[in-house]
Amino acid sequence: MKELLLATLLLATTSTLANQGNIVKEGYFVNDSKRDFLKTIHAQKRFTVDHPNKRGYEVYGPKDLGKWLKENSPFSFSSLRLEEKEKSLATYPTPEEIELKLKKLAKDNPSIFKLFSIGKTERGRELWMMKVSDNVEVDEVEPEFKYVANMHGDEIVGREMMVSLLEELAKNYKSSDLETTTLINNTEIYIMPSLNPDGAASRRRGNSNWRDLNRDFPDVVRDGQIEDTHSHSIFDNESRDRQNETVAMMNFQKKRHFALSANFHGGTEVVNYPWDTTGDDFPYKDLVVELSREYAVKIPSMRDNWEFVDGIVNGYQWYEINGGMQDWSYHWHNDLQVTIELSHSKWPTYDLVQSYYDKNRDSLFDYMKSIHQGFGIKFTKDEKFKVEIFKKNESSFTKIDTISKNGREFYKVLAAGNYKVKVTTSKLKKEIDLEVKKSSISPNGNYISL
């Protein structure tokens, strides 16, 4: 009994400290170019480090962060707070104005747009998601793709870019643009301009509870243990004070079959690929590096960023993140996700927004099209199934993955090449020879009916 009580107290203490680790009421840039002070900061377990570069790094934490740095840091530091008096930064639309834009887009384009809320923020704002598809009211068996922006409220460029992307999709579909029409007719695309409208309204990193949403998700499993700092179980979404915005995204993704996605941030220009929380190799490292490089290469300022070779970086090699959406997305849902940093300034003047969209436009479209670089399986009813994937290397096949799931459909993005796929259910065993092609959109996806 005594041992159980001690274990319970230890768990409660650990969870409390971990929850403090995503409180972001204050933020500072620490001028520690060699990162000598990072270990001391990490040891506190209540501070969040972001965007290390050759000059230093950002640190976020609770209200006493500045006091703690003043007492403990051997390096100078400066506040990251946005000044309210800067009128040039106050010209962005409010969350309510973004909502009106989205509602008008959905009303004007009912054949391809469906706007719905996946839940509410801590302050009661709706979390709007736009579905884009040719049969928008029907849940078709097609590859599912997702873009999410503005989960850090003070990283605003992605929100505006997603609205611009929706506007172009609508315009191009009406004009029968071949690229757009083919993509929309054969894909289910979901676009969320803002996962953190409360933070955007206050122009701060965290939500209305000052929580960092990109440190609030369940983590990956290492050595057989659930690395989740906020709950006893990843299926217990609402335990341990997980934020409304996080729970809404978790519950939404659980109902879908996403196979490729990206989330957008700001503070530099780079494509960050998994893992973020461990140095272990990502299962599809070559594929995710290829997709990341293809996004960055079309954007000179990203491709030639002096901080990152080819404009891409492995998350963990850059800096460790725990509780991030990127790792959670793949580990728990087989949804390959990258994190795209769009702008060196997190909140640039509004007149620059269009230029960011213009230079990212081709990459945004090509990344969406990459969802078709794979294969799918569909069953006549819900099944418990196992999929084993073997890739052809010269004259032999090597197993690269085994996935066990329940459901009626499954989709996987793969590198171009030849594969052998073995599907097993309680009633059948099927072996399929498969060729995955690059830059080819298949009618309703490359699905195999079983």
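**Figure 1. Eight strands form an open sheet in this predicted model.** Read across the sheet, the strand order is β5-β6-β8-β7-β11-β14-β12-β13. The pairing is mixed. Strands of a sheet pair through backbone hydrogen bonds, either parallel or antiparallel. Two strands sit at the edges: β5 (113–120) and β13 (312–314). Each of these edge strands pairs on one side only. Neighbouring strands of the sheet are turned against each other by 20° on average, direction ignored.

**Figure 2. Strands β6 and β8 pair inside the eight-stranded sheet.** Strand β6 covers residues 126–132, and strand β8 covers residues 188–192. The two run antiparallel. How many bridges join them? There are three. Look for V132, which stands opposite I189 of β8.

**Figure 3. Helices α4 and α13 pack on the eight-stranded sheet.** Helix α4 spans residues 95–108 and touches β5 and β6. Its direction makes about 30° with that of β6. Helix α13 spans residues 353–369. Which strands does α13 touch? They are β7 (144–149), β8, β11 (258–265), β12 (268–273) and β14 (336–343). The direction of α13 makes about 155° with that of β7.

**Figure 4. Helices α9 and α13 pack together.** Helix α9 covers residues 285–297. The axes of α9 and α13 are 8 Å apart. The angle between the two helices is about 150°. Are they roughly parallel or roughly antiparallel? Angles over 145 degrees count as roughly antiparallel, so α9 and α13 are roughly antiparallel to each other. From α9, the contact uses L291, E294 and Y295. From α13, it uses N360, S363, L364 and Y367. An α-helix has 3.6 residues a turn, so residues three or four places apart point the same way.

**Figure 5. Four strands form an open, antiparallel sheet.** The strand order is β2-β3-β1-β4. At the edges stand β2 (48–50) and β4 (77–79). Each has a single partner strand, so one side of each is left without a neighbour in the sheet. Neighbouring strands here are turned by 30° against each other on average, direction ignored.

**Figure 6. Strands β1 and β3 pair, and helix α3 lies across them.** Strand β1 covers residues 26–30, and strand β3 covers residues 57–61. Five bridges link the two in the antiparallel sense. One pair to find is V30 and its bridge partner in β3, Y57. Helix α3 (residues 65–72) lies across β1, β3 and β4. It runs at about 30° to β1.

**Figure 7. The loop between β12 and α9 holds W275 and T278.** A cis peptide bond joins P274 and W275. Its omega is about 5°. Is T278 buried or exposed? The relative accessible area of T278 is 5%. Buried means under 20%, so T278 is buried. A polar atom of the T278 side chain lies 3.2 Å from the backbone nitrogen of D280.

**Figure 8. R35 and N150 each have a positive phi.** Most residues other than glycine have a negative phi, and most peptide bonds are trans. For R35, phi is near 60°, and this residue is not a glycine. R35 lies in the loop between β1 and α2 (38–43). It is partly exposed, with a relative accessible area of 33%. N150 is not a glycine either, and its phi is about 60°. N150 lies in the loop between β7 and α5 (157–174). Its relative accessible area is 0%, so N150 is buried.

**Figure 9. Helix α8 is mostly covered.** The helix runs through residues 244–254. How many of its 11 residues are buried? Eight are. Among them are E245, T246, V247 and A248. M249, M250, F252 and Q253 are buried too.

**Figure 10. The whole protein chain puts the close-ups in context.** The chain has 13 helices and 19 strands. Of its 450 residues, 56% are buried. Its accessible surface comes to about 19,900 Å². Carbon and sulfur atoms account for 49% of that surface. Among contacts between residues at least 6 apart in sequence, 74% join residues at least 24 apart.

Definitions and conventions:
Residues numbered from 1 in each chain as written. Predicted model: local features only at pLDDT ≥ 70, side-chain atom pairs only at ≥ 80, totals over all residues. Heavy atoms only, no water. Pairing = 2+ DSSP bridges. Axes fitted to C-alpha atoms, helices over the stretch in contact; angles between N-to-C directions. Contact = heavy atoms within 4.5 Å. Buried < 20%, exposed > 50% of the residue type's maximum accessible area, 1.4 Å probe, protein only. Polar contact = N/O pair within 3.5 Å; in protein donor to acceptor, adjacent residues only side chain to side chain. Areas by Shrake-Rupley, 256 points an atom, 1.4 Å probe, with all protein chains shown as cover. Parallel < 35°, antiparallel > 145°, perpendicular 65-115°, else oblique.
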